[in-house]
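Open the model in a viewer and keep the selection panel at hand. The stops below follow one after another, each with something to select.

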Amino acid sequence: MARAGGITNAVNVGIAVQADWENREFISHISLNVRRLFDFLVQFEATTKSKLASLNEKLDLLEHRLELLEVQVGTASANPALFNT
Amino acid sequence: MAVPVEEAIAALSTFSLEDEQPEIQGPAIWVSAEPGATNSPIEYSDVSAYRLSLSEDTKALNQLNTLIQEGKEMGSVLYTYRSCVKALPQLPESMKHSQADLYMETYQVLDLEMSRLREIQRWQSSAASKLAADMQRFSRPERRINGPSITHLWSMLKLLDILVQLDHLKNAKASIPNDFSWYKRTFTQVSVQWQDVDTMREELDDLQIFLSTRWAILLNLHVEMFRVNNVEDILQVLIVFAVESLELDFALLFPERHILLRVLPVLVVLATSSEKDSESLYKRVKINRLINIFKNDPVIPAFPDLHLSPAAILKELSSYFQKFSSQTRLLTLPAPHELPLKEAQEYPATYQRQYLIVNHIGAIRAEHDDFSIRFASSVNQLLLLKSTESADAEWCKEVKGNVYDMVVEGFQLLSRWTARIWEQCAWKFSRPCKDAVSLEANEPLGSCSDYEKVVRYNYSAEERKALVELVSYIKSTAAMMQRCDTLVADALWETIHAEVQDFVQNTLAIMLRTTFRKKKDLSRILSDMRTLSADWMANTSKSEPELQSLQPGGEESKGNFFYPRPVAPTAAQVHCLQFLIYEVVSGGNLRKPGGLFGNSGSEIPVNDMKQLETFFYKLSFFLHMLDYTATLVTLSDLGFLWFREFYLESSRVIQFPIECSLPWMLVDHVLESHNAGLLERVLMPLDIYNDSAQQALVVLKQRFLYDEIEAEVDHCFDIFVSKLCESIFTYYKSWAASELLDPSFLFALDNGENFSIQPMRFTTLLKMTRVKLLGRTVDLRSLITERLNKVFRENLEFLFDRFESQDLCAIVELEKLLDVLKHAHELLSKDISIDSFDLMMNEMLENISLVSYSSRLASQIWSEMQNDFLPNFILCNTTQRFIRSSKVPSVSVQKPSVPYAKPNFYCGTQVRLNSAHQSFARLHSGFFGMPHMFSMVKLLGSRSLPWLIRALLDHISNKITTIEPMIMGLQEALPKSIGLLPFDGGVTGCMRLIKEQLNWGKKSELKAEVLRGIKEIGSTLYWIGLLDIALRELDTTHFMQTAPWLGMIPGADGQIMQAQDGGVSPIVNLFKSATAAIVSNPICASPMSFHTMAKQAEAADLLYKANINTGSILEYALAFTSAALDKYCSKWSATPKTGFIDITTSKDFYRIYSGLQIGYVEESVQMSSPSHEVLGDSVAWGGCTIMYLLGQQLHFELFDFSYQVLNVAEVEGVSHTHKNPPSLQGWEALLEALKKARRLNNHVFSMLKARCPLEDKTACAIKQSGAPLHRIKFENTVSAFETLPQKGA
């Protein structure tokens, strides 16, 4: 059974692997937190959008009411004679 | 490592991000969806660091991976290829001379397309040779290089799969050879002028052979592989690997499983087609195992609308591979389309049960519910853990391990579910429906395309429902898992880290000490595994004492202790570990008999083998876990449900209508089924479009597909919103209509529950402010609001149109329908903010102007009264109702026809509700009486009623003016003198005398006119009387409600008294003291507003007090009439010159009326009633009122002809003792009618006396001389009524 390879310099590799674990802990920590930041932003956008939507809804209602009032005032001021008595 | 980043991120969670939108859509925003573990982003360049001499293997692996990438792109080019021949223009006759130019242009266009095909041809040959070379290099028995690793094997399988798919696609696409033949024809035309076309022609021939040969790619691969005859070993390894993975079915997600299923038949064909005997294969893998796999999955999805069947492939390939054709056992497998023919009873039923989701949906539902609860609870545990300081390490490990298990389970569930949808699709595509008419009977079978047969008509309602359910389970589970991505990430890493470290530090240590102590080779591999992945120092970050407390037993007893680190192994580490495990179990020998782990003659004990196997498969699943989001994207991607490139080509159409589109079919099904349970999932099928758009752009990279999807989505969404709004509106209308039915009546009814409605929940849908659609955010709520606002207005418009097309009696129905609408509005307003009902009502009534008092309804009622009601309706005094006269009206009234509307403009869709309300309305459609008056008062309100009253009063005065000249005419026609009727002629004599005197001469035609005028005046007055009653009732109610607040108490004599409370009413008192109390409190922020409120209470007090003693409309109307009559007083009520009552020569109104009355009573008797039918009781009302107001009541009672006749008859009756005096014979009917008239007149007079007492004034107005003063000027004048709004305003 001929097998090529096998780790040639096991001790050095072991040390490097250990260092690698530690470096990667830092990397994954940072990257996870960056992702959390993104998550927050996404969520923030979503809630802001729904708040804006509800604001928009209220504005729409007000706009309709205002339109009505404008028309009413318009009809009244078109007949100034009514207010002279 | 104390990084302040963590604190900063944790601080973000203090923001309150409450969101009202329910989660009823799939996951949308993927922060990171690139696989980083399953595909090494750095191409395994870090593998060399582990010094395992794998550089050759890595190089080959990367080469294969590049080919796989390229191959996928080739596949999408081929799949999305659309024939361009159909688009080529034909040259008209007139331009035949430029035929050459056209050829040239056509050639250039086609050349572009063909160059792509040429590229595919070139690519496949290079890919085949590279794959073959790779296999040859790594399968030499005297191996000098390490490999192939497991990842490498996977890459081989994947590339093989790509090649098979390409081949399959090339066979299926008919348009490609078609386009090619055009291309070749144009080439021959064009190339005439060119020189040196031989190479091109050769190339062309090559391409033609490639395109027209079935399985050309596979044949080519076969040739390449067996150029040097030693690939059987690796083929066998691949087969063993595939079979074992499929049989174990643990670490496989559905895409991989499908790859293996697709590749396996081809591998078998290749492995058995060589020169060598195929027996060696069956020594390693029993043929029954293969047959079982092929039988279990007779249909395998390949492309969205293209499936593969192992049996069919085997059968077809047998004609190309001579050696294989002897494998009869494999060839007798039934292909899916042959199933019903051969084993009609047994197989289809089994497969049908297996493939159709309907048969599994119950189990899936249970799985989903169970999983969501457990997942949520494990995530909650994790949250709890994170918020706990200094948690116990054991608990910590347990919670995180639990989260890990839940994620594994979630992935497996998603994979199973999505695979079910893929497989059901493939199954449906393989079995088009036979009777397309079964669903929609009106459409003939011949007209439907193949695609309709496999999709549109191939899913029954139940199947659609199950599919919607499953889609929503997949999407909602994926959304749920995606939401906690960053939350669970470190827990997952920690658990994986712990697993790996536990294996390499503990399990391997034990193995090294025991079983492998003597085996140098194997123990070296095991220690290599420890070297390359062990994290010995993971416990150093913890402080010493804590460590010691955690580690009481010491190393020997408990094995190595390590503190889990939230870091996962890299792809390269997993790759190397898998490779080494494989090395251990296979001994580096490809020819090793038996399977991967299930070997017999190995030197490794069974127990260790088991541990190695488990860890080996766990490792491959770790990669999916690390690619958390990417895996979720893959597993929840349902975009394939939209694609139909293959069927588009075979049906020769540009695109199918949206009714054939599966996503829309599902949305439509939800809307049409009115299933309350499905309703909240209606947005889930729309997510399919999101997926398919993503696929079109990212995977298939075809802009036109995206455009088509976008167009379809735009269209679908519009229809969706309009259908949704309609069902919302209908539902709320039905709900309102059923609530407005009398509950006690319904309770008593046997079938009362028929009128109740199925409850539905639209609330969640109404909260959707952000629907995610193709990267856009749609505010569904505002769209619905907009549409509902419009629908309500349309409904109002319709109701008024409907009223305008009917007569006045329909007002009760109108009120009822408006009530239903208003109630629906009220119910709907709880969930969504639509315009206020009053606003819409005013808008539709054209009543917005501040200075206008009329409205659409008021003017309609007025014109209806003027044109139809007053002339054509007659009064019945006894029932207090007006009914339509049976006589054909002199003026026919033109009305628009009743407009048509959908049932939801009445009372919703339920037939029963509509008919219930209709039968109620029908009760009131034949007459006009008090109910109508109440409806009218309610609808017109205090704003338009005065306008209407004014119009009516004007009508009275106009009528008086109109009949005045006629009365004059009649006065002229009266004889000079009319004496009292003599008693000696008896009734007969009297009647003769009356006839002589009252023949009216030429003026007799005026008679009818005057009577009609008087009738209209009477009707109007009576109508106002009814109105008066209605208003009184309202006023009383109003008074009852306000009196306690205003401090009204009944006095001793029944009069209203103001309570003596310092002169301030309770309401003012209440608000004042409340304000004082609040303002005195120092916390009060805005005392001003409370002061304002107190002031407003005072204003309200004043306003309501002023309204308590409202006058009577009827009295007002009578006063008005009397004032209007004043003008004619001199003509109709002449003061006698003598100062005494004028008997014989008087031509006063009472005399005229008297004549008219006896005339029409007589007529009505003679003609047996028609005259009465024409005029009704209102003539008496009109005539008597005028006489009463003119002060002629007593004159009338004295001198009226009919009264005199009655007197005569009475005397006659008394003088004759027996019952029927002969002189009265023949007159009974007349006398009866006259008596009735007298009774009616008396009734009217007594009414008038009560409501408009004139007689006191008349009585005291007797001159000193004893002569009565005939008429006292009533103080009202017409000008006093000018305060009422003008009719024109």
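Start with the contact between the two chains, which takes 56 residues from chain B and 49 residues from chain A; two residues are in contact if their C-beta atoms, placed from the backbone, lie within 7 Å. This is a predicted model, in which local features need pLDDT of at least 70 and side-chain atom pairs count only at pLDDT 80 or more, while totals for chains, interfaces and linings use all residues. Residues are numbered from 1 along each chain as its sequence is written, and chains are lettered from A and ligands numbered from 1 in the order in which they are written.

On the side of chain B that touches chain A, select α1 (4-12), α20 (485-513), α21 (520-533) and α34, each of which supplies at least two residues. Helices (H or I, at least four residues) and strands (E, at least two) are DSSP runs, numbered from the N terminus. With 6 residues, α21(B) gives the most to this side. Coloured by class, the side of chain B that touches chain A shows 23 nonpolar, 16 polar and 17 charged residues. Here Ala, Val, Leu, Ile, Met, Phe, Trp, Tyr, Cys and Pro count as nonpolar, Asp, Glu, Lys and Arg as charged, and the others, Gly among them, as polar.

Next, stay with α34 (residues 780-804) of chain B and add α31 (residues 703-740) of chain B: their axes come within 10 Å and cross at roughly 60 degrees. Axes are lines fitted to C-alpha atoms, for helices over the stretch in contact, and angles run from 0 to 180 degrees between N-to-C directions. The crossing angle makes α31(B) oblique to α34(B); angles under 35 degrees count as roughly parallel, over 145 as roughly antiparallel, 65 to 115 as roughly perpendicular and the rest as oblique. The crossing is right-handed, a crossing being left-handed if the near helix is turned anticlockwise from the far one by less than a right angle, and right-handed if clockwise. To see the contact, show B:V721, B:S722, B:L724, B:C725, B:I728 and B:F729 of α31(B) with B:L783, B:I784, B:R787, B:L788 and B:V791 of α34(B). They comprise 9 nonpolar, 1 polar and 1 charged residues.

A second helix pair in chain B is α46 (residues 1149-1166) and α51 (residues 1228-1251), with axes that come within 9 Å and cross at roughly 135 degrees. That angle makes α46(B) oblique to α51(B), and α46(B) passes α51(B) in a right-handed crossing. Select B:Q1157, B:V1161, B:E1162, B:S1164 and B:V1165 on α46(B), then B:A1229, B:L1230, B:A1233, B:L1234 and B:A1237 on α51(B), for the contact. This contact divides into 7 nonpolar, 2 polar and 1 charged residues.

Now turn to the strands. In chain B, 3 strands form an open antiparallel sheet in the order β5-β6-β7; two strands pair if DSSP finds at least two bridges between them. Its edge strands are β5 and β7 (927-928), each pairing on one side only. β5 (residues 873-876) and β6 (residues 881-884) of chain B pair antiparallel over 4 bridges. Check B:F873 opposite B:R884, and B:I874 with its bridge partner B:I883. Their hairpin has 4 residues between the strands, and there B:Q880 takes a positive phi near 60 degrees. On to β7(B), which is joined to β6(B) by 2 bridges: B:F882 stands opposite B:F928, and B:I883 opposite B:F927.

Another hairpin in chain B joins β1(B) to β2(B) through 2 residues. The strands, β1 (residues 300-303) and β2 (residues 306-308) of chain B, run antiparallel and share 3 bridges. Select B:F303 to find B:L306 opposite.

Finish on chain A, residues 45-72, where UniProt places the feature "coiled-coil region" (unreviewed entry). UniProt positions are given in the numbering used here, feature names are shortened, and annotations may be inferred rather than shown by experiment. In the model, this span is 100% helix and 0% strand, with its end C-alpha atoms 40 Å apart.
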